[in-house]
Amino acid sequence: MTPKPIVQIKNLKKNIGKKQIIKGISFDVYGGEVFGFLGPNGAGKTTTIRMLLGLISITEGEIYIESHSITKDFEKAIAHVGGIVENPDMYKHLSGYKNLVHYARMYTNVRKERIDEVIRLVGLENRVNDKVKTYSLGMRQRLGLAQALLHSPSLLVLDEPTNGLDPAGIHELRNLLRDLAHKENIAVFVSSHLLSEMELMCDRVGIIQNGSLVDIQTLTDMLQDEKTSSIVAFNVTPLDKAKEILENLSSSYKPAIKENEIEVSIETEDIPVIVEKLVEQKIRIYGIYKPTRNLEAKFLEVTGGNEIA
């Protein structure tokens, strides 16, 4: 049975003046997943997020959150959303707990038990009674997440949540977001310019360029490239002689020297044959492996090498 999406974006368009910024994008986001949203500078990523949060109007198309239209039924739609845009604002002279009590007053259904629950969810039990001015940036991010989770949203929207965090803080936030998505069945919609972190954090990734959605896949599918799946790299010396041997073995191998290795397009069962021939010709073999791609390589391929926002 196909799970029901938390977010449905259908043929979304946005015009500013005579220029079309968003050009009819459509995708869904599901509970229990971390969905990464990437795009080069000016691609329309921030504009899409602003429409998702109801901060700017939609020219054409529709966004549904828990089946409620963001344009026709805004209050019911946005009631299911929690979010952080960059660094959360807090009252620094108050404790973390008093900040949460203050924000809880904005809702009608947040009890003390829920405040205590979100404190445990984000791991702030030991510091929640300390003043926020004594918190590290990572702890303030945790408190911001607790605030965003107070009303039990089914969608969490995070725009550049790792800004300013040190490596330890980024690692903590990544694990926390994955736990929230997978254990609490929340749909986490996150954008970031840190591709290495998005690769570790996200279940699926969508890439937007020039206002159009150019790719959307699971991380596993996105990083599994048919073109490179049959490429094998040989770490050998001397390189030139090894390349010549491989060229003479078969025209289909197409050996190419890349840095200190030779990459060859072959079937797995050809590897022992190649190793035997190289050893016969006194080629030294130091390693054999299949190169893997990362999200940065995929992003640069899809966008043509543009800088990401």
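Are R204 and E33 buried or exposed? R204 is buried, and E33 is buried as well. The model discussed here is a predicted one. This briefing considers its salt bridges, its aromatic rings, a four-stranded sheet with the helices beside it, and one residue of helix α5.

**Salt bridges**

- The structure contains eleven salt bridges, and three of them are described below.
- One of the eleven salt bridges joins the side chains of R204 and E33, with a distance of 2.8 Å from N to O.
- R204 belongs to strand β9 (residues 204-209), while E33 sits in the loop between β2 (19-30) and β3 (34-38), so this pair ties together parts that lie 171 residues apart in sequence.
- A salt bridge also connects E197 with R174, at 2.9 Å from N to O.
- This second pair links distant parts of the chain, since E197 is in helix α7 (residues 195-201) and R174 is in helix α6 (residues 167-184), 23 residues apart.
- E197 counts as buried because its relative accessibility is 12%, and R174 counts as buried because its relative accessibility is 13%; the cut-off for a buried residue is under 20%.
- D130 and R127 form a further salt bridge, in which the closest N and O atoms are 2.4 Å apart.
- D130 has a relative accessibility of 30% and therefore counts as partly exposed.
- R127 has a relative accessible area of 28% and is likewise partly exposed.

**Aromatic rings**

- A pair of aromatic rings is described by two quantities, the distance of the centres and the angle of the planes.
- Six aromatic pairs are found when the whole structure is searched.
- In one of them, the ring centres of F35 and F189 are 5.6 Å apart and the planes stand at 20 degrees, so the pair is stacked.
- F35 lies in strand β3 and F189 in strand β8 (residues 187-191), so their pairing ties together parts that are 154 residues apart in sequence.
- F35 counts as buried because its relative accessibility is 0%, and F189 counts as buried because its relative accessibility is 1%.
- The rings of F37 and F189 have their centres 5.3 Å apart and their planes at 45 degrees, so this pair is tilted.
- F37 lies in strand β3 and F189 in strand β8, so this pair ties together parts that are 152 residues apart in sequence.
- F37 is buried because its relative accessible area is 0%.
- Through ring pairs, F27, F35, F37 and F189 are linked into a cluster.

**The sheet and helix α9**

- Four strands make up an open sheet, arranged in the order β12-β13-β11-β14 with antiparallel pairing.
- The edge strands, each of which pairs on one side only, are β12 (256-258) and β14 (284-289).
- From one strand to the next, the twist averages 30 degrees.
- Three antiparallel bridges pair β12 with strand β13 (residues 261-265).
- Which residue of β13 is the bridge partner of K258? The partner is E261.
- Helix α9 (residues 239-249) lies across β11 (231-237), β12 and β13, and runs at about 15 degrees to β13.

**Helix α10**

- Which residues of helix α10 (residues 271-280) are buried? They are I271, I274 and L278.
- These buried residues cover an arc of only 65 degrees around the axis, which means that they lie on the same side of α10.
- An α-helix has 3.6 residues a turn, so residues three or four places apart point the same way.
- The buried residues of α10 pack against β11, α9 and β14.
- P272 and V279 are exposed on the other side of α10.
- K282 follows α10 and has a positive phi, near 65 degrees.

**Residue L149**

- L149 is located in helix α5 (residues 137-149).
- L149 counts as buried because its relative accessibility is 1%.
- Apart from neighbours within four places in sequence, L149 is in contact with R114, V118, V122, L156, L180 and I186.
- From C-alpha to C-alpha, L149 and D215 are 30 Å apart in space, and they are 66 residues apart in sequence.

Terms used. Residues numbered from 1 in each chain as written. Predicted model: local features only at pLDDT ≥ 70, side-chain atom pairs only at ≥ 80, totals over all residues. Heavy atoms only, no water. Pairing = 2+ DSSP bridges. Helix = DSSP H or I, 4+ residues; strand = E, 2+ residues; numbered from the N terminus. Axes fitted to C-alpha atoms, helices over the stretch in contact; angles between N-to-C directions. Contact = heavy atoms within 4.5 Å. Buried < 20%, exposed > 50% of the residue type's maximum accessible area, 1.4 Å probe, protein only. Arc of directions from axis to C-beta. Phe/Tyr/Trp six-rings, centres within 6.5 Å; stacked < 30°, edge-to-face > 60°.
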